[in-house]
Amino acid sequence: MAIADTLVLQRQRHLKWRALDRLELILMMLCGLLCFGFSLSVTADIVTRTIGHPWLWLQEVTSTLFIYAIFIGAAVATRRNDHLYLTAISEALHGRSRLLVEIVIRLVVLGVALCLVWYGYQNYLRGFGSFRLPSGTPIASLYAVIPLSGILIGLFTIEQLVNGIRNGFDHPEPPDDDLPIPAIDTRATTGVQP
């Protein structure tokens with residue numbers, strides 16, 4: 001099984017375009033690298049402070065990796081229907097009422113995506129007037145991911161809207177291929193049978 005098969009979610013295939021599978025794979029790998037880098041920088045920050053020689057720039061690296069992981073993760077979770085999605089309401093409905101609720105939910109998510117693009121870009125531009133210490137890097141470097149995340153969330157939401165209206169949102173999911181785990185007898189055997 002290739003890594004792409006495990007990272008690109010096959011659930012709700014009827015709402016996805018195959019052309020965006022590679023983008024989902026890249027975003028999932030990027031999220032993994034960002035989370036690993038975040039963990040590594042926190043560990044290094046703790047170690048350097050403990051030994052009495054702190055590297056102050058590690059706090060900047062940690063916050064940057066954390067913020068990027070959040071916004072990239074929100075985008076990929078939107079494609080996977082794991083985030084920004086109210087499944088409990090829509091899955092209880094069927095037919096036209098489900099179609100209407102699914103469309104309304106995705107239009108709300110699309111509105112959020114547009115706000116991320118618009119206001120995120122404004123914050124990005126304003127961020128060139130403020131600087132992070134101790135490096136002196138413009139704070140815009142933190143805000144750059146916000147409009148990018150909005151674009152990706154918007155793209156994935158449009159993908160789901162188009163495919164959901166075309167194919168329907170209500171498709172039964174195939175059962176998981178997970179095999180049941182057999183029970184283990186934990187009773188002690190003493191050799192003497194009653």
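From the N terminus on, the elements of the chain follow the order α-α-α-α-α-α-α, and the count is accordingly given as 7 helices and 0 strands. The model is a predicted one, and the values reported below were computed from its atoms. Of the 194 residues in the chain, 34% count as buried. The accessible surface comes to about 12,500 Å², and 69% of this area belongs to carbon and sulfur atoms. Among contacts with a sequence separation of 6 or more, 68% are accounted for by residues 24 or more positions apart.

The UniProt record, an unreviewed entry, carries the annotation "transmembrane region" for residues 23-44, 56-78, 99-119 and 139-158. In the model, the span of residues 56-78 is 96% helix and 0% strand, with its end C-alpha atoms lying 35 Å apart. The span of residues 139-158 is 90% helix and 0% strand, and the separation of its end C-alpha atoms is 31 Å.

Two of the helices were examined for the agreement between their number of residues and their end-to-end distance. Helix α3 (residues 57-79) has 23 residues, which at 1.5 Å a residue should span 33 Å, and the distance of 34 Å between its end C-alpha atoms agrees with this expectation. After α3 comes Asn81, whose phi is positive, near 55 degrees. For α5, the 31 residues should span 45 Å at 1.5 Å a residue, and its end C-alpha atoms are indeed 45 Å apart. The buried residues of α5 include Arg98, Glu102, Ile105, Arg106, Val109, Leu110, Ala113, Leu116 and Gly120. An α-helix has 3.6 residues a turn, so residues three or four places apart point the same way.

The largest nonpolar core of the model holds 18 residues, of which Leu27, Leu34, Ile72, Leu152, Ile153 and Phe156 touch the most other members. At least two residues of this core are supplied by each of α2 (21-50), α3, α5 (96-126) and α7 (145-167), and the largest share, 6 residues, comes from α3. When neighbours within four places in sequence are left aside, Leu27 is in contact with Ile72, Val76, Leu152 and Phe156.

Other contacts were examined at individual positions. Asp45 is placed in helix α2 and, with a relative accessibility of 13%, counts as buried because this value falls under the 20% cut-off. Residues up to four places away in sequence not being counted, Asp45 touches Trp55, Leu58 and Gln59. Thr64, which lies in helix α3, is separated from Ile139 by 75 residues in sequence, whereas the C-alpha to C-alpha distance between Thr64 and Ile139 is 9.9 Å. Outside its neighbours within four places in sequence, Thr64 is in contact with Arg132 and Leu142. Leu7 is located in helix α1 (residues 3-7), and its C-alpha atom is separated by 6.7 Å from that of Met28, 21 residues away along the chain. With neighbours within four places in sequence again left aside, the contacts of Leu7 are with Glu24, Leu25, Met28, Met29 and Arg80.

A search of the whole structure for disulfides finds 0 of them. Cys31 is in no disulfide, the nearest cysteine sulfur being that of Cys35, at 6.4 Å. For Cys35, likewise, the closest cysteine sulfur is that of Cys31, and the separation of 6.4 Å is too far for a bond, because a disulfide requires the two sulfur atoms to be within 2.5 Å. As to their accessibility, Cys31 is buried, with a relative accessible area of 11%, whereas Cys35 counts as partly exposed at 44%.

The backbone also contains a cis peptide bond, which joins Leu133 and Pro134 and has an omega of about 10 degrees. Pro134 is found in the loop between α5 and α6 (140-143).

How values were computed:
Residues are numbered from 1 along each chain as its sequence is written. This is a predicted model: local features need pLDDT of at least 70, side-chain atom pairs count only at pLDDT 80 or more; totals for chains, interfaces and linings use all residues. Side-chain values use heavy atoms; hydrogens and water are left out. Helices (H or I, at least four residues) and strands (E, at least two) are DSSP runs, numbered from the N terminus. The expected span of a helix is 1.5 Å times one less than its number of residues. Buried means under 20% relative accessible area, exposed over 50%, partly exposed in between (1.4 Å probe, protein chains only). UniProt positions are given in the numbering used here, feature names are shortened, and annotations may be inferred rather than shown by experiment. A nonpolar core is a set of buried Ala, Val, Leu, Ile, Met, Phe, Trp, Tyr and Cys residues joined through side-chain atoms within 4.5 Å. Contact means heavy atoms within 4.5 Å. Accessible areas come from the Shrake-Rupley method with a 1.4 Å probe; for residues, only the protein chains shown count as cover.
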